[in-house]
Amino acid sequence: MKVTQGASAGYVAVTYALRWEAGDWKVVIENSSTSGSIKDLSDFVPWTGV
């Protein structure tokens, strides 16, 4: 996700635990997310969602 504050911008990666349930992916809410700033987008695939 791109984060902007004033004239500065950066990217943050967030990881969530998922569980397949009733034919769809659900986010597991149990302090399972991690985040951190990233400097290079080369390991990521562009995706805008559905």
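Q: In the hairpin of E1 and E2, which residue takes a positive phi?
A: Gly-6 does, at near 65°. The hairpin has 2 residues between its strands. Note that this is a predicted model: local features need pLDDT of at least 70, side-chain atom pairs count only at pLDDT 80 or more, and totals for chains, interfaces and linings use all residues. Residues are numbered from 1 along each chain as its sequence is written, and side-chain values use heavy atoms, without hydrogens and water.

Q: How do E1 and E2 pair, parallel or antiparallel?
A: Two strands pair if DSSP finds at least two bridges between them. Strand E1, residues 2–5, runs antiparallel to E2, with 4 bridges. Look at Lys-2: its bridge partner in E2 is Tyr-11.

Q: How many helices and strands does the chain have?
A: Both are DSSP runs, numbered from the N terminus (helices: H or I, at least four residues; strands: E, at least two). The chain has 0 helices and 5 strands. Read from the N terminus, the order is β-β-β-β-β.

Q: What links E3 to E4?
A: A hairpin turn, with 2 residues between the strands. The two strands pair in the antiparallel sense over 4 bridges. Follow two of the partners across. Leu-18 is matched in E4 by Val-27. Trp-20 is matched in E4 by Trp-25.

Q: What phi does Ala-22 have?
A: Most residues other than glycine have a negative phi. Ala-22 is not a glycine, yet its phi is positive, about 55°. Ala-22 sits in the loop between E3 and E4, in the turn of that hairpin.

Q: Is Ala-22 buried or exposed?
A: The scale uses relative accessible area: buried is under 20%, exposed is over 50%, and partly exposed lies in between (1.4 Å probe, protein chains only). Ala-22 counts as exposed because its relative accessibility is 80%.

Q: What share of the chain counts as buried?
A: Of its 50 residues, 2%.

Q: Which residues form the nonpolar patch on the surface?
A: A patch takes residues with over 30% relative accessible area and no salt bridge; nonpolar side chains (Val, Leu, Ile, Met, Phe, Trp, Tyr) are joined within 5 Å, like charges within 9 Å. Here the members are Met-1, Val-3, Val-14, Tyr-16, Leu-18, Trp-20, Trp-25, Val-27 and Ile-29. Together they offer about 990 Å² of accessible area, by the Shrake-Rupley method with a 1.4 Å probe, only the protein chains shown counting as cover.

Q: Which elements give two or more residues to the nonpolar patch?
A: Strand E3 (18–21) and strand E4 (24–27).

Q: Where do Trp-20 and Tyr-16 lie?
A: Trp-20 is in strand E3. Its relative accessible area is 52%, so Trp-20 is exposed. Tyr-16 is in the loop between strand E2 (8–15) and E3. Tyr-16 is at 48%, so it counts as partly exposed. Tyr-16 and Ile-29 are 13 residues apart along the chain, with 8.4 Å between their C-alpha atoms.

Q: How many salt bridges does the count come to?
A: Side chains of opposite charge can pair when their charged atoms come close. The rule asks for a side-chain nitrogen of Lys or Arg within 4 Å of a carboxyl oxygen of Asp or Glu. The count is 1. Arg-19 pairs with Glu-21, their closest N and O atoms lying 3.3 Å apart. Arg-19 is partly exposed because its relative accessible area is 42%. Glu-21 is partly exposed too, at 38%.

Q: Which residues line the largest pocket?
A: A pocket is an open set of points on a 1 Å grid over the protein atoms alone, where a 1.4 Å probe fits, with protein on both sides within 12 Å along at least five of seven lines; lining residues have an atom within 4 Å of a point. The lining here is Met-1, Tyr-11, Val-12, Ala-13, Val-14, Tyr-16, Ile-38, Leu-41, Phe-44, Val-45, Pro-46 and Trp-47.

Q: Which element gives the most to that lining?
A: E2, with 4 residues. Val-12 is found in this strand. Its relative accessibility is 24%, so Val-12 counts as partly exposed. Val-12 and Met-1 are 11 residues apart along the chain, yet their C-alpha atoms are separated by 5.4 Å.
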